[in-house]
Amino acid sequence: IDPALDLFQEIDRLKKEKNAVILAHYYQEPDIQDIADYIGDSLGLSQEAAKTDADIIVFAGVHFMAETAKILSPEKKVLLPDLKAGCSLSDSCPPKLFAKFKEKYPDHLVITYVNCTAELKALSDIVCTSSNAVQIVESLPKDQKIIFGPDRNLGAWVAKKTGRDLVLWNGACMVHEIFSQQRILKLKARHPEAKFIAHPECEEVVLQMADYIGSTTGLLKYTINDPANEFIVATESGIIHQMEKANPGKVFIPAPPNNACACNDCPHMKRNTLEKLYLCLKNGLPEVTVPMDIIVKAKKPIERMLDISA
Ligand code: 13P
Ligand code: SF4
């Protein structure tokens, strides 16, 4: 790429020329968030993917998110700036093993968190995201037996909130499991006025300390509506860009990980860069595809979720 090229201008031009829309998750780098047509959490992004009339969806996020967009709009071309942008949580639940697990509970209904492969969604009854997981579980009769996967932390939090006994798959996200209870306690002591906010993919010991728990959109809204001036944020650090934009003057401190050398960046989300986004829009690839039989099976549980969340 010519270093003199204004990538913002070029992306904007190509977008109009090709009738493309850029959907970006809050964990993307700030430049990508700033050029996106829509930024959101997993639920917002799938709702947007379902209703767009663009010919091309450029998904600035990870593979399972682009797959969800493809399942909802199979006639559209879905591009992912880096095809290797995966997800440790999705990887923690191989569909073949999950199918065997499911066989042990034949009278259970399967709810899967959207952070999983299209194949896993095809094995599910309802999909959920972190912003509607409680609502989805509560929409089912109280005596309905439920398997929840792949995130054990989100599952345990939903079980606690709803009072339901969920059978959990033992999966987790590498970013949200890294926070240190001890270091957060020390940070809270140094910032007694700060609100501590956390994503439900965090471990229970971390969630227990939180003033608010929610999806990325929920966390962002909380920082806007709460009068506090300081927030300690236990989720991927990309969201802080939007928090700072929406709240001039407020201070956002990333929650400390258990290893001083680690950071709160998701290595999968951060594989996408503005340069790769430009190239994928220019070249029309890499494209995310899903076999038609999987699309047909995976679409039902996603649409069930969208109907409940409407
Ligand atoms: P939400 O944005 O839906 O809260 O999801 C967080 C996440 O981990 C996405 O990978
Ligand atoms: Fe997956 Fe965690 Fe990265 Fe989200 S933050 S994409 S759940 S590894």
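The following legends describe close-up views of a predicted model.

**View 1. Surroundings of ligand 1.**
The residues that surround ligand 1 are Tyr26, Asp41, Ser42, Asn115, Thr129, Ser130, Ser131, Cys173, His199, Glu201, Ser215 and Thr216. Sorted by class, this shell has two nonpolar, eight polar and two charged residues. An unreviewed UniProt entry carries the annotation "binding site" at His25, Ser42, Tyr113, Val114, Asn115, Ser130, His199, Pro200, Glu201 and Thr216. Two of these annotated residues, Tyr113 and Pro200, are examined in the views that follow.

**View 2. Tyr113 and the sheet S6-S5-S7-S8.**
Tyr113 belongs to strand S5, which comprises residues 109–113. Strand S5 is part of an open sheet of four strands with the order S6-S5-S7-S8 and parallel pairing. At the edges of this sheet are strand S6 (126–128) and strand S8 (167–168), each of which pairs on one side only. Strands S5 and S6 run parallel and are joined by three bridges. Across from Tyr113, in S6, stands Cys128. As a general point, the strands of a sheet pair through backbone hydrogen bonds, in either a parallel or an antiparallel manner. Tyr113 counts as buried because 30 C-beta neighbours lie inside 10 Å, where 20 or more suffice. Apart from residues up to four places away in sequence, Tyr113 touches Cys128, Gly149, Pro150, Asp151 and Leu154.

**View 3. Pro200 and Glu203 in the loop between S9 and H11.**
Pro200 lies in the loop that runs between S9 and H11. Glu203 is also placed in the loop between strand S9 (195–198) and helix H11 (204–207). Pro200 is buried, with 26 other C-beta atoms within 10 Å, whereas Glu203 counts as partly exposed, with 19 C-beta neighbours inside 10 Å. The count for Glu203 gives this class because a buried residue needs 20 or more such neighbours and an exposed one has 12 or fewer. When neighbours within four places in sequence are left aside, Pro200 is in contact with Ser130, Asn153, Leu154, Trp157, Leu207 and Ile213. For Glu203, with residues up to four places away in sequence not counted, the residues touched are Asn153 and Glu177. Asn153 therefore appears in the contacts of Pro200 and in those of Glu203, with contact meaning C-beta atoms within 7 Å. Glu203 and Ile178, which are 25 residues apart in sequence, have a C-alpha to C-alpha separation of 8.8 Å.

**View 4. The three annotated cysteines.**
The unreviewed UniProt entry places a "binding site" feature at Cys87, Cys173 and Cys266. These cysteines span 180 residues in sequence, but no two of their C-alpha atoms are more than 9.4 Å apart, so they gather at one spot. Cys87 occupies the loop between strand S4 (77–79) and helix H5 (88–91). Cys87 is buried, with 22 other C-beta atoms within 10 Å. Not counting residues up to four places away in sequence, Cys87 touches Val62, His63, Phe64, Asn115 and His268. Cys266 is found in the loop between strand S12 (251–254) and helix H14 (274–283). This residue is buried as well, with 23 other C-beta atoms within 10 Å. Leaving aside neighbours within four places in sequence, Cys266 is in contact with Tyr27, Val175 and Glu236. Cys173 is among the residues that surround ligand 1.

**View 5. The sheet S10-S9-S11-S12 and helix H10.**
An open sheet of four strands, with parallel pairing, has the order S10-S9-S11-S12. Its edge strands are strand S10 (212–213) and S12, and each pairs on one side only. Four bridges join strand S11 (residues 230–234) to S12, and the two run parallel. Ile232 has Ile253, in S12, as its bridge partner. Helix H10 (residues 181–190) packs on the sheet and touches S9, S11 and S12. The direction of H10 makes about 175° with that of S11.

**View 6. Helix H13 and its cover.**
Helix H13 comprises residues 239–246, and its buried residues are Ile239, Ile240, His241, Gln242 and Met243. The elements that cover these buried residues include helix H2 (30–35), strand S2 (38–40) and helix H12 (216–225). Strands S11 and S12, shown in the preceding view, are also among the elements covering the buried residues of H13.

Definitions and conventions
Residues are numbered from 1 along each chain as its sequence is written. Chains are lettered from A and ligands numbered from 1 in the order in which they are written. This is a predicted model: local features need pLDDT of at least 70, side-chain atom pairs count only at pLDDT 80 or more; totals for chains, interfaces and linings use all residues. Two residues are in contact if their C-beta atoms, placed from the backbone, lie within 7 Å. UniProt positions are given in the numbering used here, feature names are shortened, and annotations may be inferred rather than shown by experiment. Two strands pair if DSSP finds at least two bridges between them. A residue is near a molecule or strand if its C-beta atom, placed from the backbone, lies within 6 Å of it. Ala, Val, Leu, Ile, Met, Phe, Trp, Tyr, Cys and Pro count as nonpolar, Asp, Glu, Lys and Arg as charged, and the others, Gly among them, as polar. Axes are lines fitted to C-alpha atoms, for helices over the stretch in contact, and angles run from 0 to 180 degrees between N-to-C directions.
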